[in-house]
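Good morning, and thank you for the time. I would like to take you through how the copies in this assembly are related and how one of the chains is divided.

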Protein chains: 4
Amino acid sequence: MFFASDNTGPVHPQIMAALAEANDGFAMPYGADPLMDEVRTRLRDIFEAPKAAVYLVATGTAANSLALATLTQPYETVFCSPVAHIHEDECNAPEFFTGGAKLTLVPGGDRMTPEALRAAIAKEESRGVHGPQRGAVSITNVTERGSVYALSEIEALCAVAKDFGLPVHLDGARFANALVAMNCSPADMTWKAGVDAVSFGGTKNGCMGVEAVIFFDPAKAWEFELRRKRGAHLFSKHRYLSAQMAGYLRDDLWLTSARAANANAARLADGMRAKGARFLHDPQANMIFAALPRAAHRRLHEAGAKYYVWAGSLDGHDPDEMLTARLVCDWSIGPERIDAFLALI
Amino acid sequence: MFFASDNTGPVHPQIMAALAEANDGFAMPYGADPLMDEVRTRLRDIFEAPKAAVYLVATGTAANSLALATLTQPYETVFCSPVAHIHEDECNAPEFFTGGAKLTLVPGGDRMTPEALRAAIAKEESRGVHGPQRGAVSITNVTERGSVYALSEIEALCAVAKDFGLPVHLDGARFANALVAMNCSPADMTWKAGVDAVSFGGTKNGCMGVEAVIFFDPAKAWEFELRRKRGAHLFSKHRYLSAQMAGYLRDDLWLTSARAANANAARLADGMRAKGARFLHDPQANMIFAALPRAAHRRLHEAGAKYYVWAGSLDGHDPDEMLTARLVCDWSIGPERIDAFLALI
Amino acid sequence: MFFASDNTGPVHPQIMAALAEANDGFAMPYGADPLMDEVRTRLRDIFEAPKAAVYLVATGTAANSLALATLTQPYETVFCSPVAHIHEDECNAPEFFTGGAKLTLVPGGDRMTPEALRAAIAKEESRGVHGPQRGAVSITNVTERGSVYALSEIEALCAVAKDFGLPVHLDGARFANALVAMNCSPADMTWKAGVDAVSFGGTKNGCMGVEAVIFFDPAKAWEFELRRKRGAHLFSKHRYLSAQMAGYLRDDLWLTSARAANANAARLADGMRAKGARFLHDPQANMIFAALPRAAHRRLHEAGAKYYVWAGSLDGHDPDEMLTARLVCDWSIGPERIDAFLALI
Amino acid sequence: MFFASDNTGPVHPQIMAALAEANDGFAMPYGADPLMDEVRTRLRDIFEAPKAAVYLVATGTAANSLALATLTQPYETVFCSPVAHIHEDECNAPEFFTGGAKLTLVPGGDRMTPEALRAAIAKEESRGVHGPQRGAVSITNVTERGSVYALSEIEALCAVAKDFGLPVHLDGARFANALVAMNCSPADMTWKAGVDAVSFGGTKNGCMGVEAVIFFDPAKAWEFELRRKRGAHLFSKHRYLSAQMAGYLRDDLWLTSARAANANAARLADGMRAKGARFLHDPQANMIFAALPRAAHRRLHEAGAKYYVWAGSLDGHDPDEMLTARLVCDWSIGPERIDAFLALI
């Protein structure tokens, strides 16, 4: 009963098979392996972007930080949500990789609004050389609170960025989970809306450790390659990154797994709602924030369920106090484990 | 006939098996997996260092850069060989991770001499606040030219560093290949000699992409963890790094593979010597630098052999001119491929 | 009628005289000049801190950034007000000098409250290696909105920092203006309250360009010297920094000038209040934020008065709309200019 | 008898007068003072470069580091002499300001040769993403050993840089001393030869602390302004930097002072030669390296002469051993002090 994160589950067998298949004989290192050609072609097809620059790294923080460093000067500031992973969960990696750029937190919640973004950008407008200069806008979808931007919202945020001439980065650690919830194409969600660079996650959706970084305009491709190498994120035995991503994309496994994960979360949410749980917002992808009484949390934890209580402590006195928890489902967790969990509430 | 690098070969089946075995159910992320406990215990045993801090990263550049950043202040300089990987092959990663420290190249060749190291350190002595301050000494073993330091040489270099109160880092991307050539223990080669931190390579010796960083004094362990996270090198699905390293260490695979690689290189060198090749120095580990006539190189390349001609061009006129090539053997290349290569010379 | 900033006025004649006096013959460079001994002794006396480390730099941003870089690791975050100069007006200099540390904005206004500071620090508590680590607290006094912390407020903020083991930096670009408003000693306001390092401003109070950085615990003195040199802020002809600071401290000029500046601002505020101006808060030091009707601002600007309208535009339609302006007085501006300004309202 | 450096002497009276004259009333801060307009116009005239971007900073290290940071990416390497100030005397400031670029030392002495520069650049050619990328070339004139490049040498070095598409920086901490020794125009020595950016020194030639940075192509002007601010080198009371530089340029004081300094050094060298001193190379500007017997050095030091013995120790046994010293003359030192020094040899 492991709902702590979608990074705690196993690698999908199809990806393990792709790794085993790649493990034959010799291959050129550092991205010159033929599997990388397959990956590049496939991602360009998926995104309808035949000129896109495509790279692989092993962690989501690397994908985000290197993409932002390529889009942002050290005297600029990146606009993002106060709960963005790049702000809260990367131990200053964006500041490090950009050489000391700032992050400006756009007031609001998990999803930035165009109005709040415009106001935040405008506020940095008039200080000349004294304040940080306006840099990239970074959007996370699925957000850190499990919600999913509507396509029109992404378009509106990009439109604001473009009004100020700013590039847009999309943190898609859960890109597939967002996409299957949105009913649009990868191109719609990204470059057609105005996104310049994407962190396209694989790790949380069944891979071992691989994320693609995609620049729709290849002008900064070589700079990215240099920053990746300098950041120690260029793999010598690169074929094993390629193999993961190739396996992930073959036969639409990436979409199938995301649908499975979202369906698991929906089943979990439905069951919890029936037992009286209250939700931070309607579950949309594979991560839910739900409030249960302290007594229920205690029962679940004693039975070995793994997840984070987001606010409040299990040790409080009142057994009826509602405590919000974060619960994340991956593709593998399946109905039996979910139902066993629900039975304990 | 792939002699370009020991990063072009396949992953050892025992390590693939360890990955498959680890791929069962759920595991805590970010290094809290039980396999990491096995790795930590095993490396402490191997190094006879029960208090050592042990961490895993996925690339050799990450291991070196993060270790050096933990040992070095940004206003200091690291002493190393002019052909050190950290200087020539990491696109300024040490400068990046240290926040702008300098590398001082100790005059000489692949192996630093204690006299040259002492002179280089002494030279930085008297400039007060104006020059860079003296920082860590970084030794590479196996060196970038395939030679192996004698234990007494490592001891002497460390003694010089200690005379100036400087920490010592060992770049052991080919640690196992050096060890089996040296006839000493891992402890002898490291902390007993005066080494403070080791990059303990796995990737080039049959792993997929994993290196351990070991600090014999754990005082800076937490700082390393923060620098690893900030450098985007903390894996969420960490168990797959642990599994590789666990598989690598079980049943002394790391030593068996290194002996195989070194034996392959010896067979290659013996065969080449019999055909008139000249060597930069006596082959000691799994990498040789040998001069052959241009005509022989051309024949080999036309037959599909992969390796780097280190100096000079295949396109020159004189078919008898001797051109030096770098040839690297991994554990997997085997006598048939070597003999086929030799037959072409 | 120059109220734009206290950096637009002239250098005090006593400081010009000190410079002229210092300009005799030869002097050792880089801080080894005898005048620096006078400055060090005098500042130690003033702060009742006989072991304090004392350094001079030429800009307030250098003083703040170098002090913070000495107190803060790159994986940490500095706690400060959302209107702090280090956040709004230094173009990412603190991020640059610390090597990529973050600034956490403590919700509230110009003065941090102990409660808000405690909550902000506590919030960074539980993310382990993932979030930024808690670093220094930076307090500005006089604040960027012209208000002055009460001594008890500084003590309470330092107490919160100490509860978490965090160092405290005081941005005293207007240290003297704050001190004469507070009725306490320099020691009271700093190390007795729990402050570890001070940027002690001279430039805004009659110097040409000099600020002292004072560490009450000299343990990090050498690190500061290296960071100052590496930051290109060590002056070769250092005696001219020393001379300014020596002239500034002789005969309590620093206090006399601050009292004059504060008195000028009080006269200005009293006059404006009599004409119907409304104040953001009670004027306390040498900077006031006052609202006047648009028509009055227009008259003043047409007459050549220089100051910043802080919110709103002179170009709006309604002549009666109240627009808040920032007005700063230095020691030199004098009653005639103030009264001429008032006459125009 | 102060020959330790040209940063130990006084400020020229004409520059003190310019500062006094500037100290009248109020002036806009941060470079918007009218004196900066005078400086900009005058330097554009002097360099015959009507579109050049011109900025002032207070230290030579700031001028060099900020110019290089504007010309160099963090994954590049700067080519310079092994004795360049940027390498030996700036405590890693160039590495800091560039965000971690490397310095490649071109083998040879104080003056780089075109052949050695070409070989050093070519050597970085073929490592692809692995090695540092080729960045700016930095030339120092007057060199750190007191020699002066011939114009043809500067032209040849720039031609090599241009062959590889690299920008050229000139460290002109002693620009005026070089110019008056070279018999060419400022334009000849810089942009006509192929130099892209100049650190135009004032401090060592009679100013208090001011250096100009000049970019002949203004395309990166705004980036430089942001880097200067972020580096804490934008002065609020900027008029006092402007006044120094304006005073320095008026009536060709910069040339007159340089001629005086060079003439002082020539007198010193002639006198020493007559007493048997041997020279590292023929004295050309205002800095000489001369060998004298240990006994003579002892006599001079006992009599209070200040200068650096460059190699060897005064404490050695042999009174006749020749020890090389560095002796620097500024404009102010005059024949009496020189002759008194000579009398002691």
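Chain A can be placed on chain B by a turn of 180° with a shift of 0.0 Å along the axis, giving an RMSD of 0.0 Å; copies are superposed here by least squares on the C-alpha atoms of residues with pLDDT of at least 70 in both. In chain A, Gly231(A) has the C-alpha nearest this axis, at 3.7 Å from it. Both copies use the same surface, since 100% of the contact residues of chain A recur in chain B. Two residues count as in contact if their C-beta atoms, placed from the backbone, lie within 7 Å.

A word on provenance: this is a predicted model, in which local features need pLDDT of at least 70 and side-chain atom pairs count only at pLDDT 80 or more, while totals for chains, interfaces and linings use all residues. Residues are numbered from 1 along each chain as its sequence is written, and chains are lettered from A and ligands numbered from 1 in the order in which they are written.

Let me turn to chains D and A. Chain D can be laid on chain A with an RMSD of 0.0 Å, by a turn of 180° and a shift of 0.1 Å along the axis. The two copies are therefore related as by a two-fold rotation axis. The C-alpha of chain D nearest that axis belongs to Gly99(D), 3.1 Å from it.

What does the contact between these two chains involve? On each side there are 12 residues: 12 of chain D are in contact with 12 of chain A. Helix α10 (residues 221-230) of chain D gives the most to the side of chain D that touches chain A, with 5 residues; helices are DSSP runs of H or I with at least four residues, numbered from the N terminus. By class, that side of chain D has 5 nonpolar, 3 polar and 4 charged residues. Here Ala, Val, Leu, Ile, Met, Phe, Trp, Tyr, Cys and Pro count as nonpolar, Asp, Glu, Lys and Arg as charged, and the others, Gly among them, as polar. Of the interface residues of chain D, 100% are also interface residues in chain A, so the copies meet through the same surface.

Finally, the domains. Chain A is divided into domain 1 (13-252) and domain 2 (254-344), with bounds from an automatic or database domain assignment. The C-alpha centres of these two domains of chain A lie 28 Å apart. Their contact takes 17 residues from domain 1 of chain A and 18 residues from domain 2 of chain A. On the domain 1 side, α8 (175-182) and α11 (239-249) of chain A each supply at least two residues, and α8(A) has the largest share, 6 residues.
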